[in-house]
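Please read the notes below with the structure open beside you, and find each named place before moving on to the next point.

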Amino acid sequence: MSPASVFVCLSLTLLSDYPVIRVKPDNSGVVTDGVKHSMNPFCEIAVEEAVKLKEKKFIKEVVAVSCGPTQVTETIRTALAMGCDRGIHVEVSGKDYEAMGPLQIAKIFAALAKKEEASLVILGKQAIDDDCNQTGQMTAALLDWPQGTFASEVTIDGEKVKVVREIDGGLETIKISMPAVLTADLRLNTPRYATLPNIMKAKKKKIANMKPADLGVDMVSRVEVLRVDEPPTRLAGVKVETVDDLVAKLKANGTI
Amino acid sequence: MLFNKALRGGVQSVLRLQSTNAAAVAATSSQNAPSTGFCFEMTDQQKEFQELARKFSREEIVPVAAAYDRSGEYPFPIIKRAWELGLMNSHIPEDCGGMGLGIFDSCLITEELAYGCTGVQTAIEANSLGQMPVIIAGNDFQKKKYLGRMTEEPLMCAYGVTEPGAGSDVAGLKTRAEKKGDEYVVNGQKMWITNGGKANWYFLLARTDADPKCPTSKAFTGFIVDADSPGILVGRKELNMGQRCSDTRGITFEDVRIPKENVLIGEGAGFKIAMGAFDKTRPPVAAGATGLAQRALDEATGYALERKTFGKLIAEHQAVSFLLAEMAMKVELARMGWQRSAWEVDNGRRNTYYASIAKAFAGDIANQVASDAVQVFGGNGFNSEYPVEKLMRDAKIYQIYEGTAQIQRLIISREHFGRFKK
């Protein structure tokens, strides 16, 4: 069974270097209105990897998928312009979108991967706005598929995938059978620009629309956010003249 | 290190295209169909084009612009990259392998590239200028031959009209083209030709009727000249005040033979072709000046929010904040200027009035805004370690090339009286 289709699951996140992200006055979350959103950088890397695998003829079709409000179609379009063949937009908006977390997203991706008989599901390792690092792993668990997370190198070898993973101790190489879930880490590749002609061609590619209910997914969140606070303001440091002073100070405030 | 998508401030107010070929397809996909007639919304495709050009400019042009300015080296690596991404030669029709974009879409791209470096942007824009006479007046053979090759490899071309003795006064051109059998023999000198030393071919305007009483509208002919034709002497690279990485040269023609197949339209049609090209190339030049002004505004604003004096940020002193406010006013209006003129020509209307207004205004404000940016930076602004002195040097040419500020005023007043009398 040579790999047929690869699903790349995209996340729309708050822009990484936007000057100021503010906590809402009622501490229920972060202000997202008016903040520029774009494709999660790790998801870009995931798209690039999928498109590369297609160019090397290991896979036949790359499908870009994303969950969220209408805005996410822009993200899917960018993925199409980078080389994905078609897109699927799972519409989630309003209260459901605000409460949507990795578990709900994983359920959706898992349902889709099963429905469309994907051979590989590639995601970014984590979204840079919430840093959850859970969706990929949960998707694999729900599908009962092997997972290769934090991938910095991916090679398809017959019916198996060799994944080099970046772990705390260094690099770990594993071989997993397909169908499988992979999550992309920073050094996997450098995403390409979508060229102007490809942006124009992407307009003709299809983006299918559906709702979580169509996939039989229950969007109710089991997690309730109690409070969101800004990190404590950084206090000024204290300068000391000598090492002895330093040791004395550290002893005095109980650090050593 | 995550990818930095630089977010530049400023509300992007944009007019929506309604009917050009490329835009018609794009327009149908816009999610914001206006019901009030006038519209400032871009289509999704335009937003993507702008996003691509912006990303390319911020990530690949900005970091190397200062070095190219110092060395004066032709920025071929960047040009090649822009060509690969489809950011160049946007007007070439689809049947010649191009994208057939309208003027508005290409101005969007131009403004973003100019934000990075106007030297690079001018080198790229000179291609569009050189190609425009062929696009509007070339026959199928000429288009396929000379435009087709531009999409197959990253080649440059140039627009050869100006001479040492005639810039604004195009009617005063002295370069002669004499018909001899099936060829024309050209003698003369051109000056200030952008991409002069890098072009694969030139659009050349030369006088074919020696009779001084012959009217301008019949005395000149437009030619396409291969740059490797014997008799073409390329001068030295001129060292200019700004846009220093752009290649500007004098070109001498000594008995250069041009086959009659390379005449555009026919003998005597040249003046009209050369002028017709301007209506399509002035909006992009205005867009370039706007991009430079936006950069100057952004740099000055960033600095004002960091530098402190008299106990507070300089941005909190009204003298500075008012300066920035006026810079912002000028940038926004310059943008609307090029947008209107591009939109008019894309909708099939004669846009001379709007194109001249856009170019004149944008050129003037680019100089004012760049100078003000140096002012905001204070002593640092005068120094080459900071980016604004380059902007001030680069801005000056916008009041000179593509029709001087004075010529634009001549055109605007003439158009204005013409409208008034209706």
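1. In the span of residues 268-415 of chain B, helix makes up 74% and strand 3%, and the C-alpha atoms at the two ends lie 25 Å apart. This span is the one to which UniProt, in an unreviewed entry, gives the feature "domain: Acyl-CoA dehydrogenase/oxidase C-terminal". Please keep in mind throughout that the model is predicted.

2. A second record concerns chain A, where UniProt, again in an unreviewed entry, lists "domain: Electron transfer flavoprotein alpha/beta-subunit N-terminal" at residues 27-219. Over residues 27-219 of chain A, helix accounts for 32% and strand for 30%, while the end C-alpha atoms are 23 Å apart.

3. For chain A as a whole, you should be able to find seven helices and 11 strands, and the C-alpha atoms fill a box of roughly 70 × 40 × 40 Å when it is taken along the principal axes. Of the 256 residues in chain A, 47% are buried. Among the contacts in chain A with a separation of 6 or more, 71% are made by residues 24 or more positions apart.

4. Chain B is divided into domain 1, residues 157-270, and domain 2, residues 272-419, and the C-alpha centres of domain 1 and domain 2 of chain B lie 30 Å apart. To their contact, domain 1 of chain B gives 13 residues and domain 2 of chain B gives 13 residues. The area buried between domain 1 and domain 2 of chain B comes to about 1,000 Å², with carbon and sulfur atoms giving 62% of that area. On the side of domain 1 of chain B, the residues that lose the most area to domain 2 are B:Tyr159, B:Met241 and B:Gln243, which together make up 48% of what that side buries. How many salt bridges are there between domain 1 of chain B and domain 2 of chain B? The count is zero.

5. Turning to charged side chains, there are 35 salt bridges over all chains of the structure. Side chains of opposite charge can pair when their charged atoms come close. One such pair is B:Arg81 with B:Glu60, whose closest N and O atoms are 3.7 Å apart. Because B:Arg81 lies in helix α3 (residues 76-84) of chain B and B:Glu60 in helix α2 (residues 44-71) of chain B, the pair ties together parts that are 21 residues apart in sequence. B:Arg81 is partly exposed, at a relative accessible area of 26%, and B:Glu60 also counts as partly exposed, at 26% relative accessibility.

6. A salt bridge also joins B:Glu111 to B:Arg335, with the closest N and O atoms 2.6 Å apart. This pair links distant parts of the chain, since B:Glu111 is in helix α4 (residues 103-116) of chain B and B:Arg335 is in helix α9 (residues 318-346) of chain B, 224 residues apart. Are B:Glu111 and B:Arg335 buried or exposed? Both B:Glu111 and B:Arg335 are buried.

7. B:Asp182 and B:Lys260 likewise meet in a salt bridge through their side chains, at 3.6 Å from N to O. B:Asp182 lies in the loop between β2 (176-180) and β3 (183-194) of chain B, and B:Lys260 in the loop between β7 (248-259) and α8 (270-304) of chain B, so the pair ties together parts that are 78 residues apart in sequence. B:Asp182 counts as exposed, because its relative accessibility is 51% and the cut-off for exposed is over 50%. B:Lys260, at 38% relative accessibility, counts as partly exposed.

8. An unpaired charge deserves a look at B:Asp372, which is placed in helix α10 (residues 352-377) of chain B. B:Asp372 is buried yet has no salt bridge, and the nearest side chain of opposite charge, B:Lys330, is 4.3 Å away. The reason for the missing salt bridge is that the cut-off is within 4 Å. Leaving aside neighbours within four places in sequence, B:Asp372 is in contact with B:Leu323, B:Met327 and B:Lys330.

9. Finally, please look at B:Ile251, which lies in strand β7 of chain B and counts as buried, at 2% relative accessibility. Not counting residues up to four places away in sequence, B:Ile251 touches several residues, including B:Gly188, B:Tyr202 and B:Val234.

Technical notes. Residues are numbered from 1 along each chain as its sequence is written. Chains are lettered from A and ligands numbered from 1 in the order in which they are written. This is a predicted model: local features need pLDDT of at least 70, side-chain atom pairs count only at pLDDT 80 or more; totals for chains, interfaces and linings use all residues. Side-chain values use heavy atoms; hydrogens and water are left out. UniProt positions are given in the numbering used here, feature names are shortened, and annotations may be inferred rather than shown by experiment. Helices (H or I, at least four residues) and strands (E, at least two) are DSSP runs, numbered from the N terminus. Buried means under 20% relative accessible area, exposed over 50%, partly exposed in between (1.4 Å probe, protein chains only). Lys and Arg count as positive and Asp and Glu as negative; His and the chain ends are not counted. Contact means heavy atoms within 4.5 Å. Domain bounds come from an automatic or database domain assignment. Buried area is the accessible area (1.4 Å probe) that two parts lose on being put together, summed over both.
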